[in-house]
Amino acid sequence: MCYSTAEAATPSPAHADFSGQRANWSGDDGWWESWIADEDSSWANHGISGPGIKDHVKVYSSAGQGGQTTICLTPGQEVGHNGVANDRGDSHTWAMSC
């Protein structure tokens with residue numbers, strides 16, 4: 001995970017607890033690249049937070065922010081492993097809440 005303040009969900013593919021490769025985004029992404037799609041195993045939200053700022057990150061099971069929300073991260077949240085969300089993410093978006 002990159003720890004910049006503009007980072008969205010930054011899943012770590014193939015490995016829980018933030019080991020392995022990292023993906024970093026500064027905004028919404030409706031189509032995760034093949035090396036990370038359905039290979040996400042840990043997540044972090046290091047985005048900025050404040051009044052009126054979309055500071056939650058929703059990860060979706062399908063491209064284009066479709067399908068089910070696999071995990072939703074609150075500001076500053078890091079999740080080393082989640083059995084329900086593991087290897088299911090295909091896209092994400094910033095949101096006002098989970």
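This tour goes from the whole chain to one strand, one residue and one hairpin.

The model is predicted, so local features need pLDDT of at least 70 and side-chain atom pairs count only at pLDDT 80 or more, whereas totals for chains, interfaces and linings use all residues. Residues are numbered from 1 along each chain as its sequence is written, and side-chain values use heavy atoms, with hydrogens and water left out.

Begin with the whole protein shown as a cartoon, where you will find 0 helices and 5 strands, the helices being DSSP runs of H or I with at least four residues and the strands runs of E with at least two, numbered from the N terminus. Of the 98 residues, 45% are buried, a word that stands here for under 20% relative accessible area with a 1.4 Å probe, counting protein chains only.

Next, select residues 56-62, which form strand β2, and pick out lysine 58 within this strand. Beyond its neighbours within four places in sequence, lysine 58 has contacts that include Thr69, Ile71, His92 and Cys98, where contact means heavy atoms within 4.5 Å. The C-alpha atoms of lysine 58 and isoleucine 71 lie 6.1 Å apart, although 13 residues separate the two along the chain.

Now add residues 66-73, which are strand β3, and see that β3 runs antiparallel to β2, with 5 bridges joining them; two strands count as paired if DSSP finds at least two bridges between them. In β3, threonine 69 stands opposite tyrosine 60.

Finally, move to the 3 residues between these strands in the hairpin of β2 and β3, and select glycine 64, which takes a positive phi near 70°.

Conventions:
Buried means under 20% relative accessible area, exposed over 50%, partly exposed in between (1.4 Å probe, protein chains only).
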